[in-house]
Amino acid sequence: MPELDQVASAAGAREDLPLLRDAAREAGAIAMRYFGNNPQVWMKGGTSPVSEADHAADAYLRETLLAARPDYGWLSEETADDPARLAARRTFVVDPIDGTRGFLEGLRSWCVSIAVVEDGRTLAGVLECPATEETYWALPGEGAFLNGRRIAVRRPAAMVEIGGPKPLIALTPAQWQGRLSRVPYIPSLAYRLAMVANGRLDATFVKPNAHDWDIAAADLILREAGGALLDQKGRAPCYAGEVIHHGALVAGSGELLAVLSGIIAGLDR
């Protein structure tokens with residue numbers, strides 16, 4: 001029965017959350033050993049940096065999480081994708097360091113991102129941000145938390161702070177332009193979404209090609225804080241399927257989210 005399946009999923013998520021939090025904390029500690037210490041760096045695809053810190057944190061997370069839940073699938077930015085994960089009921093969706101470029105530049109706004117996904121939806125999400133001493137987590141229907149304190153999206157105000165690419169922000173209707181203040185670029189998408197959840201940003205655009213590991217954990221945290229992450233059709237993204245990247249997205253709440261959602265809906269017309 002669907003109701004029993006939902007109850008079982010919720011119970012499983014509750015059991016998974018302590019595992020995710022402990023693993024994220026240790027992975028963050030591993031990454032911090034390299035932070036500011038000139039780790040070895042390689043380029044993926046010629047444009048995207050990956051460091052020995054990413055690899056060390058990823059190896060720890062994979063070993064620890066799959067040892068505890070061997071029947072779960074595994075999807076990580078730093079592990080070759082194995083289609084066998086599609087047969088698993090639940091999947092770990094992991095970014096060992098979200099915001100590697102900023103990490104390498106000495107910026108503090110990076111995080112370890114871990115989610116458990118079932119049927120395309122996030123059941124548990126954790127962001128560990130050791131350089132800022134922040135830990136975010138959420139479960140469906142139970143709220144979003146930062147360091148044990150419940151968080152919520154920002155209430156409407158006269159001025160609006162927004163993140164994302166300038167070309168998308170420039171498409172905002174004229175009646176909003178005088179109210180908008182674009183924040184400096186934040187390399188970690190997961191951290192940027194957490195800022196919306198925590199009321200430090202009103203909204204953000206997300207350029208095309210975000211991957212599941214960038215957003216699966218932060219999506220749940222934002223939703224439980226009263227916001228939403230939407231695609232160009234106004235839907236919540238699905239995760240851990242065959243396709244693991246996304247088109248343009250927008251995150252926020254209320255009237256502003258509706259306005260921004262309309263902008264990305266018209267991008268391909």
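Q: Which residue in β9 does phenylalanine 145 stand opposite?
A: In this predicted model, strand β8 covers residues 144-146 and is joined to β9 by two bridges. The two strands run antiparallel. Across that pairing, the residue in β9 opposite phenylalanine 145 is arginine 150.

Q: In what order do the seven strands of the open sheet stand?
A: Strands β3 (73-76) and β9 (149-150) are at the edges, each with a single partner strand. The pairing within this open sheet is mixed. From one edge to the other, the order is β3-β4-β5-β6-β7-β8-β9.

Q: Why is one side of β3 and of β9 left without a neighbour in the sheet?
A: Strands of a sheet pair through backbone hydrogen bonds, either parallel or antiparallel. The seven-strand sheet is open, and β3 and β9 stand at its edges. One side of each is left without a neighbour in the sheet because each has a single partner strand.

Q: What angle does the direction of helix α2 make with that of β4?
A: Helix α2 spans residues 52-68 and packs on the seven-strand sheet. Its contacts there are with β3, β4 (90-98) and β5 (111-118). Relative to β4, the helix direction makes an angle of about 155°.

Q: Is threonine 91 buried or exposed?
A: Threonine 91 is found in strand β4. Beyond its neighbours within four places in sequence, it contacts residues including Trp74, Val116 and Ala240. Its relative accessibility is 3%, and the cut-off for burial is under 20%, so threonine 91 is buried.

Q: Which loop holds alanine 240, one of the contacts of threonine 91?
A: Alanine 240 has a phi near 65°, a positive value in a residue other than glycine. With a relative accessible area of 12%, alanine 240 is buried. The loop that holds it is the one between β13 (228-230) and β14 (249-252).

Q: What is the relative accessible area of glutamate 133?
A: Glutamate 133 is found in the loop between β6 (121-129) and β7 (134-138). Its phi is positive, about 55°, although it is not a glycine. Glutamate 133 is exposed, and its relative accessible area is 67%.

Q: How many disulfides does a search of the whole structure find?
A: Cysteine 111 is buried at 0% relative accessibility, whereas cysteine 238 is partly exposed at 43%. The cysteine sulfur nearest to that of cysteine 111 belongs to cysteine 129 and is 4.6 Å away. A disulfide needs sulfur atoms within 2.5 Å, so this pair does not qualify. For the whole structure, the number of disulfides found is zero.

Q: Which residue in the turn between β1 and β2 has a positive phi?
A: Strands β1 (residues 41-44) and β2 (residues 48-51) pair antiparallel over four bridges. In this pairing tryptophan 42 stands opposite valine 50. The two strands form a hairpin with three residues between them, and the residue with a positive phi, about 65°, is glycine 45.

Q: Which strands are the edge strands of the five-strand sheet?
A: This open sheet has mixed pairing and the order β11-β10-β12-β14-β13. Its twist averages 20° from one strand to the next. The strands at the edges each pair on one side only, and they are β11 (180-182) and β13.

Q: Which residue in β11 stands opposite valine 160?
A: Strand β10 covers residues 160-163. It pairs with β11 in the parallel sense over three bridges. Opposite valine 160, the residue in β11 is leucine 180.

Q: What angle does the direction of α8 make with that of β14?
A: Helix α7 (residues 212-224) lies across β13 and β14 and runs at about 130° to β13. Helix α8 packs on the sheet, touching β10, β12 (203-206), β13 and β14. The direction of α8 makes an angle with that of β14 of about 175°.

Q: How far apart in space are leucine 260 and glutamate 78, C-alpha to C-alpha?
A: Leucine 260 lies in helix α8 (residues 254-265) and is buried at 0% relative accessibility. Its contacts beyond four places in sequence are Ile162, Thr172, Ala203, Phe205 and Val250. Glutamate 78 is 182 residues away in sequence, and the distance in space is 32 Å.

Methods
Residues numbered from 1 in each chain as written. Predicted model: local features only at pLDDT ≥ 70, side-chain atom pairs only at ≥ 80, totals over all residues. Heavy atoms only, no water. Pairing = 2+ DSSP bridges. Contact = heavy atoms within 4.5 Å. Axes fitted to C-alpha atoms, helices over the stretch in contact; angles between N-to-C directions. Buried < 20%, exposed > 50% of the residue type's maximum accessible area, 1.4 Å probe, protein only.
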